[in-house]
Amino acid sequence: EKGGYDYFMLKEIAEQPKAVADTLLGRIDAAGSLTLDEVRISDAELREVDKVVIVACGTAFHAGLIAKYAIEHWTRIPCEVELASEFRYRDPILGARSLVIAISQSGETMDTLMALRHARQQGSKVLAICNTNGSTIPRESDAVLYTHAGPEVAVASTKAFLTQLVACYLVALYLGQVRGTKWGDEITAVIRDLSHISGAVERVLETMEPVRALARTLAHKNTVLFLGRHVGYPVALEGALKLKELAYMHAEGFAAGELKHGPIALIEEDLPVVVVVPSPRGRSVLHDKIVSNIQEIRARGARTIVIAEEGDEAVVPYADHLIRIPVTPTLLQPLVATVPLQVFACELATARGNEVDQPRNLAKSVTVE
Ligand code: M6R
């Protein structure tokens, strides 16, 4: 069943280009517009939405954090993202014009289910983004957009995450399309880029051998830090979560802009710090700021592991290890930037002799509180 791979996780990492392509299939028409007829919330209702609230747990929550950047940019609708376990015990302000998006691979996560029930009781519409046909979360939602990752067996989520991102981009772009924002041309261009993105994921997978070799040299370390900014921040959180659950290492993700507000005190000689660098095109201000962050931490002894776009030469002098990713539109970068972090965590787990598919203390879906 593992298709020649040692672990399900390796197989599922390798399946990502197909999972991404399958999730896009039939959702972009010949004219390059999105067709999400399967989402049974009418365009008229979507035009009325005045707030989006995303609820999820774990890796699905990280997909939600990235979705916020896309939704607010392309639709100008305010978007909040909250851990389902926190949301359900607050007193969130929701109404009939709020659109709640529940993201879950399994469709059975108890906290996410309870959060969506809470939202429906307040009269909000709930759209599920889910990978498991007929599971409880889509059954109890007003509408569902299925991710087509296929069954995910390894406890650590990989291909489901990439397809959750694709689904979130589709929802953001579709909302932008039906509401007609000033970003119309950009939306058209991004839909086109999205339709080719599985090739970019494939190219990342072809260049992962140095990442594996690097991971093996770090197997004795206790701590790895991850830094990112903008959509790279949730990618950093996801890289850290993968490392915790698989390698049982102390791993933390930080927003790079927060370094000076505390985390920089953690930097010491030879501490591995993974930095996700935004594209030098687009939001180039952020790119330059992160390059200075890399300089600052390296001056304090950090071993910098830099994930940067092909052709980004500014990072070269400060990268102890450089991992290249293909050029993508800024908001889509997480689809390619996350892959090396998955491979990195998987290889570190193997090097430390851990059970990759079934890490200690964890279950694939958390159906209890
Ligand atoms: O099935 P769900 O997407 O609702 O699961 C949510 C989390 O339990 C899940 O993403 C968990 O964090 C993964 N093990 C992370 O790799």
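**Exercise 1. Thr-163**

Place Thr-163 in the fold, then decide whether it is buried or exposed.

*Solution.*
Step 1. Find the element: Thr-163 sits in helix H8, which covers residues 159-179. Keep in mind that the model is predicted.
Step 2. Check the accessibility. Buried means under 20% relative accessible area. Thr-163 has 0% relative accessibility, so it counts as buried.
Step 3. Look at the side chain. It reaches the backbone oxygen of Ala-160 at 2.9 Å.
Step 4. Set aside neighbours within four places in sequence. Thr-163 is then in contact with Ala-19, Val-20, Thr-23, Thr-147 and Ala-149.

**Exercise 2. Arg-27**

Where does Arg-27 lie, and which residues does Arg-27 touch?

*Solution.*
Step 1. Locate the residue. Arg-27 lies in the loop that runs between helix H2 (16-24) and helix H3 (43-48).
Step 2. Classify it. The cut-off for buried is under 20%. Arg-27 has a relative accessible area of 1%, and is therefore buried.
Step 3. List the partners, not counting residues up to four places away in sequence. Arg-27 touches Ser-33, Leu-34, Thr-35, Leu-36 and Glu-38. Arg-27 also touches Leu-145, Tyr-146, His-148 and Leu-170.

**Exercise 3. Two cavities**

How many cavities of 30 Å³ or more are there, and what lines the largest cavity?

*Solution.*
Step 1. Count them: there are two cavities of 30 Å³ or more.
Step 2. Take the largest cavity. Its volume is about 80 Å³.
Step 3. Read its lining: Leu-36, Val-39, Ile-41, Leu-46, Leu-99, Leu-127, Val-171, Tyr-174 and Leu-175. Leu-36 is also one of the residues that Arg-27 touches.
Step 4. Ask which element gives the largest share. H8 does, with three residues.
Step 5. Sort the lining of the largest cavity by class. It has nine nonpolar residues, no polar and no charged.
Step 6. Turn to the second largest cavity, with about 50 Å³ of space. Its lining includes Arg-229, His-230, Val-231 and Gly-232. Val-276, Val-277, Pro-278, Ser-279, Thr-330 and Gln-333 also line it.
Step 7. Sort this lining too. It divides into four nonpolar, five polar and one charged.

**Exercise 4. The largest pocket**

Describe the volume and the lining of the largest pocket.

*Solution.*
Step 1. Give the volume: about 570 Å³.
Step 2. Count the lining of the largest pocket, which is made of 25 residues. Cys-57, Gly-58, Thr-59, Lys-364 and Val-366 lie nearest the centre.
Step 3. Trace the elements. Helix H4 (58-75), strand E3 (98-104), helix H6 (110-121) and helix H12 (232-247) each give at least two lining residues.
Step 4. Sort by class. The lining of the largest pocket has ten nonpolar, ten polar and five charged residues.

**Exercise 5. The ligand**

Which residues are closest to the ligand, and which polar atoms lie beside its oxygen and nitrogen atoms?

*Solution.*
Step 1. Start with the surroundings. The ligand has 13 residues around it. The closest are Ser-104, Gln-105, Ser-106, Thr-109 and Glu-245.
Step 2. Check Ser-106. One of its polar side-chain atoms is 2.7 Å from an oxygen atom of the ligand.
Step 3. Check Thr-59. A backbone N or O atom of Thr-59 is 3.1 Å from an oxygen atom of the ligand.
Step 4. Check Val-155. A polar backbone atom of Val-155 is 3.0 Å from a nitrogen atom of the ligand.

**Exercise 6. Glu-209**

Is Glu-209 buried, partly exposed or exposed? Find its polar contact as well.

*Solution.*
Step 1. Glu-209 belongs to helix H11 (residues 209-217).
Step 2. Partly exposed falls between under 20% and over 50%. Glu-209 has 45% relative accessibility, so it counts as partly exposed.
Step 3. The side chain of Glu-209 makes a polar contact with the side chain of Arg-212, at 3.1 Å.
Step 4. Compare sequence with space. Glu-209 and Pro-340 are 131 residues apart in sequence. From C-alpha to C-alpha they are 10.0 Å apart.

**Exercise 7. Positive phi**

Take Arg-76 and His-230: what is phi in each, and is each buried or exposed?

*Solution.*
Step 1. Recall the background: most residues other than glycine have a negative phi.
Step 2. Arg-76 has a positive phi, near 65 degrees. Arg-76 lies in the loop between H4 and strand E2 (79-83).
Step 3. Exposed means over 50%. At 60% relative accessibility, Arg-76 therefore counts as exposed.
Step 4. His-230 has a positive phi of about 55 degrees. His-230 lies in the loop between strand E6 (223-228) and H12.
Step 5. With a relative accessible area of 15%, His-230 is buried. His-230 also lines the second largest cavity.

Technical notes:
Residues are numbered from 1 along each chain as its sequence is written. This is a predicted model: local features need pLDDT of at least 70, side-chain atom pairs count only at pLDDT 80 or more; totals for chains, interfaces and linings use all residues. Side-chain values use heavy atoms; hydrogens and water are left out. Helices (H or I, at least four residues) and strands (E, at least two) are DSSP runs, numbered from the N terminus. Buried means under 20% relative accessible area, exposed over 50%, partly exposed in between (1.4 Å probe, protein chains only). A polar contact is a pair of N or O atoms within 3.5 Å; within protein, one must be able to donate a hydrogen and the other to accept it, and residues adjacent in sequence count only if both atoms are side-chain atoms. Contact means heavy atoms within 4.5 Å. On a 1 Å grid over the protein atoms alone, a cavity is a set of points where a 1.4 Å probe fits but cannot get out, and a pocket is an open set with protein on both sides within 12 Å along at least five of seven lines; lining residues have an atom within 4 Å of a point. Grid points are joined across faces, edges and corners, and a volume is the space filled by probe spheres set on the points. Ala, Val, Leu, Ile, Met, Phe, Trp, Tyr, Cys and Pro count as nonpolar, Asp, Glu, Lys and Arg as charged, and the others, Gly among them, as polar. A residue is near a molecule or strand if one of its heavy atoms lies within 4 Å of it.
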